[in-house]
Amino acid sequence: MAYNYIEAFTEGHSYNKVVAKYLIDKGIPCTVPELQIAKNREERRRMTLTEKDITLDLVPHILEVKNVSVEFGWDPKDFPFPTTIVDTVNSYEDKQQKPLAYVLRSKKTGAMLAVGPSSKDRWKHKNLYDKKQELTDNFYIVDKRDLRSMDELVEHILKLQKRTS
């Protein structure tokens, strides 16, 4: 089955809204930018550089949302694997504005965990085959010990908001 770019981005955008609602319910105003679909490879490249899954309204930061097929709960200690993918190396390195955090959301359970770039010095590179897109890419892999609960992420963002108000 061929990778359907439009379907994948549309689905991902809907999950961005789920994460944003969670944050709003926790007292963090945020916005999910309007869905944009690239018409060609050049537009896709430009969008990779500037794409924002969630923009925090009161602090100048963004969050990146990654929806994963792994079944996990809300406690990072219970994550079922010793490592997980954060992003492709090129996607992270090419972003003009690095995310404050990545939110990993389980498609199976709806649970969410966070990974902050503050742990980037411990991220490993690994070439992996992406079955959906049918390509091999270089990914950043994070150790389970660097996963954070959403409570920790929310607390961190609330502290940032207080500093700016």
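## Aromatic pairs

Eight aromatic pairs are found in the structure. In one of them, the ring centres of F72 and F79 are 5.3 Å apart and the planes meet at 50 degrees, so this pair is tilted. F72 and F79 are both buried. Please keep in mind as you look around that this is a predicted model.

A second pair worth finding is made by Y92 and Y102. Their ring centres lie 6.3 Å apart with the planes at 40 degrees, so this pair is tilted. Y92 belongs to helix α3 (residues 89-94) and Y102 to strand β5 (residues 101-106), so the pair ties together parts that are ten residues apart in sequence.

Are Y92 and Y102 buried or exposed? Y92 has a relative accessibility of 5%, and since buried means under 20%, Y92 counts as buried. Y102 is buried as well, with a relative accessible area of 0%. These two tyrosines also have company: together with W123 and Y140, Y92 and Y102 form one aromatic cluster.

## Helix α4 and its two faces

Let us move on to helix α4, which runs over residues 150-164. How far apart should the ends of α4 be? With 15 residues at 1.5 Å a residue, the helix should span 21 Å, and its end C-alpha atoms are indeed 21 Å apart, so the two values agree.

Six names are worth marking on this helix: M150, L153, V154, I157, L160 and Q161 are buried. They cover an arc of only 125 degrees around the axis, which means that they sit on the same side of α4. The face turned away from that buried side carries the exposed residues D151, K162 and R163.

L153, a residue of helix α4, deserves a second look. Its relative accessibility is 7%, so L153 counts as buried. Along the chain, L153 and G116 are 37 residues apart, while their C-alpha atoms are separated by 8.6 Å.

## The second largest pocket

G116 comes up again in the second largest pocket. The space in this pocket amounts to about 220 Å³. Its lining is made of 15 residues, and V115, G116, P117, S118 and R148 are the ones nearest the centre. Three elements give two or more residues each to this lining: β6 (112-115), β9 (148-149) and α4.

Which element gives the largest share of the lining? That is α4, with three residues. By kind, the lining of the second largest pocket has six nonpolar, five polar and four charged residues.

## Two loops and some distances

Finally, here are two loop residues to locate. E51 is in the loop between α2 (41-50) and β2 (54-56), and Q97 is in the loop between α3 and β5. With a relative accessible area of 27%, E51 is partly exposed. Q97, at 28% relative accessibility, counts as partly exposed too.

How are E51 and Q97 placed in space? They are 46 residues apart along the chain, and their C-alpha atoms are separated by 8.8 Å. E51 and A111, in turn, are 60 residues apart in sequence, and 24 Å lies between their C-alpha atoms.

Notes:
Residues are numbered from 1 along each chain as its sequence is written. This is a predicted model: local features need pLDDT of at least 70, side-chain atom pairs count only at pLDDT 80 or more; totals for chains, interfaces and linings use all residues. Side-chain values use heavy atoms; hydrogens and water are left out. Helices (H or I, at least four residues) and strands (E, at least two) are DSSP runs, numbered from the N terminus. The expected span of a helix is 1.5 Å times one less than its number of residues. Buried means under 20% relative accessible area, exposed over 50%, partly exposed in between (1.4 Å probe, protein chains only). The arc is that of the directions from the helix axis to the C-beta atoms. On a 1 Å grid over the protein atoms alone, a cavity is a set of points where a 1.4 Å probe fits but cannot get out, and a pocket is an open set with protein on both sides within 12 Å along at least five of seven lines; lining residues have an atom within 4 Å of a point. Grid points are joined across faces, edges and corners, and a volume is the space filled by probe spheres set on the points. Ala, Val, Leu, Ile, Met, Phe, Trp, Tyr, Cys and Pro count as nonpolar, Asp, Glu, Lys and Arg as charged, and the others, Gly among them, as polar. Rings of Phe, Tyr and Trp (its six-membered ring) pair if their centres lie within 6.5 Å; planes under 30 degrees apart count as stacked, over 60 as edge-to-face and the rest as tilted.
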